Amino acid sequence: MKEQNYHMSPEEFRKYGYKVIDEIVEYYKKVEELPILPNIEFGDILEKLPKRPPLEGEDFDSIISDVKDIIIPGLTHWQSPNFFAYFPSNTSFPSILGELFSAGFGVQGMLWLTSPACTELEIRVMDWVVQLLGLPEKFTFNDKGGGVIQDSASSAALCAIIAARESITNSDINKYGFNKRLTAYVSDQTHSSVIKGLKIAGIGEENICYVKSDAEFKMDVSALEEKIKNDREGGKTPFFCCATIGTTSTMAIDPVLEIGKVCNRYGLWLHIDAAMAGTALLCDEYKYLLNGVSLANSFCFNPHKWMFTNFDCDCFFVDDRKKLISALTILPEYLKNISNKSLNEVIDYRDWQIPLGRRFRALKLWFVIRHYGKKGLEYHIRKHISLAALFEDIVNSSNDFEIVSKRSLNLVCFRHKKGNDFNKKLLKELNLKGKIFLSHSTMGDLFFLRFCVGQSYTEREHILEAWHHIEECSNKLLQ
Ligand SMILES: *Cc1c(COP(=O)(O)O)cnc(C)c1O
């Protein structure tokens, strides 16, 4: 029987809390066996859900059993070790437990005052991340910079764009609206979220320059400089450039150092999008990817992709926090921080992001870093990269398949030699079969398959099995 006030009692919470954890453990035990993509049509799940909400509260057991009967069969299993599509969005038990605490405390950390621990833990963890990745000291709170957890790399890019916009115009656009033609520079491989951010920030599509990339999909720096020069001569104001460490299509690494020199010469804000590849910076052998990062104004990467921290968690760093804060600050009376410290001494993270409110995301990242330690994280990143290398070797030794661009980190781009239509059919069949999940991309007219190793529990046997399914499926199609 429910208590009269309708709340779940603390004892019921304890009981069902254990039960939910048990269900999550069971899910992880069997996820490998489940078809990765649910074999259903749009609307199939909707049909199983009542059209009207309940009037009377329901028994919690029946809610949990609906999760098992309706929700789990409708999931795409991102945590399956056979998930090789897109980029991963991996997680880990320590992260899930951190998230549980965050929900349990239910704090909203918009101001330092609205939960000092939420702000101060985030400050500390962001400084830890700088050390773990070997990022420039200027991104720490010791210096003029600092880090903040955003929901996504998309939001991080948008904040960087707005800070850059206000910095170059001395805050004019916030005050008067656009009175200048600002131009931004990306490559033809830059993630769509940066383009979206530029549109949202009012830059205008006509003012976005897509610098061509070279044969290895890296931004062509002389083309970048040429465009900036021309735009300046044409009376426009170049203000922002995004370089990518690990593009989404092929994990290409832009020449950050050369791009940085051009940006510094012409006074552009350089943002670095390392959403996926940033995690590799944990390991000494990939620190060379940092070459030129010291010239950047902002940098972001997603622990929610490859660093065992459940979605959402993006680490965003700026070299001059004042620029970000002055672009995004608002201060109505009801949000003034009443504390014994002066405002300047307090970090109020609401000024570092688009929304006012914010979740306590630092907990899960803190849990992950403390549980694994630098060594544990490195161990798994190295393993993923070596498994991708194994897959690359297998493709190279096959007669029917080929590598289409040199493997970069944990992403293998490959295809069957039989042409675009065959590869499209192969991908469709493979994903329909549900044993593994791959995605695709194109290089010009060339359609290829992407195999990314980054799920927390992927092992050698999963790579070998994946290859088995790929060969079997392609042989069947050839018959
Ligand atoms: C995934 C990805 C993004 C977008 O990440 P969100 O956190 O989903 O916004 C941006 N850039 C690159 C290079 C990515 O791989």
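Which residues form a nonpolar patch on the surface? Select Ile21, Val25, Leu97 and Leu100 in this predicted model. Together these four residues have about 310 Å² of accessible area. Now colour helix H1 (10-30) and helix H4 (93-105), the elements that give two or more residues to the nonpolar patch.

Stay on the patch and pick Leu97, which is found in helix H4. Leu97 has a relative accessible area of 44%. Because that value falls between the 20% limit for buried and the 50% limit for exposed, Leu97 counts as partly exposed.

Next, go to the largest pocket, which holds about 550 Å³ of space. Its lining is made up of 18 residues, and those closest to the pocket centre are Ile24, Tyr27, Tyr28, Ile72 and Leu75. Show these five as sticks to find the middle of the pocket. Then display H1, helix H3 (60-71) and H4, the elements that give two or more residues to the lining. H1 gives the most, with 5 residues. Colour the lining by class: 10 residues are nonpolar, 5 are polar and 3 are charged. H1 and H4 therefore appear at both stops, in the nonpolar patch and in the lining of the largest pocket.

For the last stop, select Asn431 in helix H14 (residues 420-433). Is Asn431 buried or exposed? Its relative accessible area is 12%, and since buried means under 20%, Asn431 is buried. Add Ile36 to the selection and draw a line between the two C-alpha atoms: 8.0 Å separates them, although Asn431 and Ile36 are 395 residues apart along the chain.

How values were computed
Residues numbered from 1 in each chain as written. Predicted model: local features only at pLDDT ≥ 70, side-chain atom pairs only at ≥ 80, totals over all residues. Heavy atoms only, no water. Patch = residues over 30% accessible without salt bridge, like charges linked within 9 Å, V, L, I, M, F, W, Y side chains within 5 Å. Areas by Shrake-Rupley, 256 points an atom, 1.4 Å probe, with all protein chains shown as cover. Salt bridge = Lys/Arg side-chain N within 4 Å of Asp/Glu carboxyl O. Helix = DSSP H or I, 4+ residues; strand = E, 2+ residues; numbered from the N terminus. Buried < 20%, exposed > 50% of the residue type's maximum accessible area, 1.4 Å probe, protein only. 1 Å grid on protein atoms, 1.4 Å probe; cavity = no way out; pocket = protein on both sides within 12 Å on 5 of 7 lines; lining within 4 Å. Points joined across faces, edges and corners; volume = space filled by probe spheres on them. Nonpolar A, V, L, I, M, F, W, Y, C, P; charged D, E, K, R; others polar.
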